[in-house]
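I opened this model to look at three things in turn: a helix, a ligand shell and an annotated domain. The entries below are kept in the order in which I looked things up.

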Amino acid sequence: MLRIAVPNKGSLSDIAIQTLTEAGYATRRDTRELIVPDPRNDVEFFYLRPRDIATYVGSGALDVGITGRDLLLDSGSPALEVAALDFGESTFRFAGPSGRFSALEDLAGVRVATSYPGLVGSFLERAGVAAPIVKLDGAVESAVRLGVADAVADVVSTGSTLRKQGLEIFGPVILDSTAVLIAARDEVPGLPTFERRLQGVMVARQYVLMDYDLPTGLLEQAEAIAPGFESPTVSPLRDRDWVAVRVMVPRLETNAIMDALYDLGARAILVSPIHAARI
Ligand SMILES: Nc1ncnc2c1ncn2[C@@H]1O[C@H](COP(=O)(O)OP(=O)(O)OP(=O)(O)O)[C@@H](O)[C@H]1O
Ligand SMILES: O=P(O)(O)OC[C@H]1O[C@H](OP(=O)(O)OP(=O)(O)O)[C@H](O)[C@@H]1O
Ligand SMILES: [Mg+2]
C-alpha cells in the first residue's frame with residue numbers, strides 16, 4: 001500500500017486534489033477528512049500542511065508526497081524530488097523598497113524577512129553574504145513597512161503582492177519553484193504507477209488531438225509542422241490521393257499549427273480534447 005502526502009491547505013491544495021481526481025484516485029469529501037484510504041488503487045492519502053510534507057516523506061513515515069520544490073529545499077529533508085508537476089509555479093526572490101537595493105551584496109548586515117529561513121539562509125551563506133534573517137509565518141511583504149525587516153525574500157508569482165507593498169525585486173533568482181512529486185527513496189513499490197497516472201493527467205491538460213485530411217504528397221512537410229509524440233498516425237482515405245492524419249499537439253500551439261497545416265493544404269482539421277493518457 002503506497003502512502004501518499006497531499007497538501008491540505010494553501011495554493012497547492014485544490015489543484016493537487018483535482019489532479020488526483022483526474023488520475024482516478026479517491027479524494028477527501030470535506031476539509032476535515034485527514035486520511036483517505038483508496039483500497040481499490042492500493043494507496044492511502046494523508047492530508048497534511050504543505051510545509052510538513054517533506055518532513056513526513058524524508059523521515060520515511062510516508063512513501064511519497066506532493067509539495068513545493070521551495071518547501072522541500074527549505075525543510076532540509078532528505079526526501080528526493082522524483083518529478084516536477086505542472087502547477088504551483090513560482091520564483092523565489094529578494095525584494096526591498098523601490099530603489100533601495102540593486103545587488104545581492106547590498107544585503108550585507110541587512111535584516112531579511114522570510115518564511116523560508118532554510119532556503120534563504122543557505123543561499124546567502126553560499127553567496128558569502130552575512131545578513132540576519134527574521135523568520136515570519138506569512139504575509140512577509142508587510143515586514144518592511146512595519147519595520148521588522150529591511151528586505152524580504154518570498155514566493156513571487158504575479159508580483160502583485162510585492163507591488164502593493166511598494167517593494168521591488170532585486171538580485172539573483174533564489175529558486176525557480178514548482179509543485180513536485182517527492183519520495184522517501186529511489187525505489188518505492190507502487191510509485192511508478194502513481195507517477196505515470198499524474199503524468200497522464202498533465203499530458204491530457206497540455207495536449208489536444210488533431211485530425212486532418214492531407215494530400216498524400218505533403219506528409220513530410222506536415223510532419224515537420226506537427227511531429228506528434230512518436231510519429232503521426234496516417235490512415236488511408238477512399239480517395240487514394242489523400243490521407244487522414246492524427247497527431248497530438250501542445251494545446252497552446254493549436255491555432256498556430258492549424259493555420260500552418262491549412263496553408264500547406266490540409267483540410268477538415270478537427271481538434272478534440274484528451275480525456276486521459278498514458279504515454
Ligand atoms: N501565488 C502563488 N502562486 C503559485 N504558487 C504559490 C503561490 N503562493 C505559494 N505558492 C507555492 O505554494 C507552496 C506553499 O503554499 P502556500 O504558501 O499556499 O502554503 P502555506 O503558506 O504553507 O499555507 P498558508 O499560506 O495557507 O499558510 C509553495 O511551494 C509556493 O511556491
Ligand atoms: O506574486 P503574487 O501573485 O502576488 O503571489 C505571491 C504571494 O502568494 C503567496 O502568499 P499566500 O497567499 O500563500 O500568503 P502567505 O504569505 O500568508 O503564505 C506568497 O507568499 C506571496 O505572498
Ligand atoms: Mg503561503
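What follows are my notes on this structure, which is a predicted model.

Entry 1, the helix α1. I asked which residues of α1, spanning residues 13-22, are buried, and found A16, I17, T19 and L20. These four lie on the same side of α1, because they cover an arc of only 155° around the axis. On the face turned away from that buried side I noted the exposed residues D14 and T21. I then looked for what covers the buried residues of α1, and the list includes the strands β1 (2-7), β4 (64-68) and β11 (179-183), together with the helix α6 (191-206). Following α1 comes G24, for which I read a positive phi, near 90°.

Entry 2, the shell around ligand 2. There are 14 residues around ligand 2, and those that come nearest are G138, V155, S157, T158 and T161. Two elements, β9 (151-156) and α5 (160-164), each give two or more residues to this shell, and β9 gives the most, with 3 residues. Sorting the shell by residue character, I obtained 8 polar residues, 4 nonpolar ones and 2 charged ones.

Entry 3, the annotated domain. UniProt, in an unreviewed entry, places the feature "domain: Histidine biosynthesis HisG C-terminal" at residues 204-275. Over residues 204-275 I find the chain to be 40% strand and 29% helix, with the end C-alpha atoms 6 Å apart.

Note on methods
Residues numbered from 1 in each chain as written. Chains lettered and ligands numbered in written order. Predicted model: local features only at pLDDT ≥ 70, side-chain atom pairs only at ≥ 80, totals over all residues. Near = placed C-beta within 6 Å. Nonpolar A, V, L, I, M, F, W, Y, C, P; charged D, E, K, R; others polar. UniProt positions renumbered as here; feature names shortened; annotations may be inferred. Buried ≥ 20, exposed ≤ 12 C-beta atoms within 10 Å, placed from the backbone. Arc of directions from axis to C-beta. Contact = placed C-beta atoms within 7 Å.
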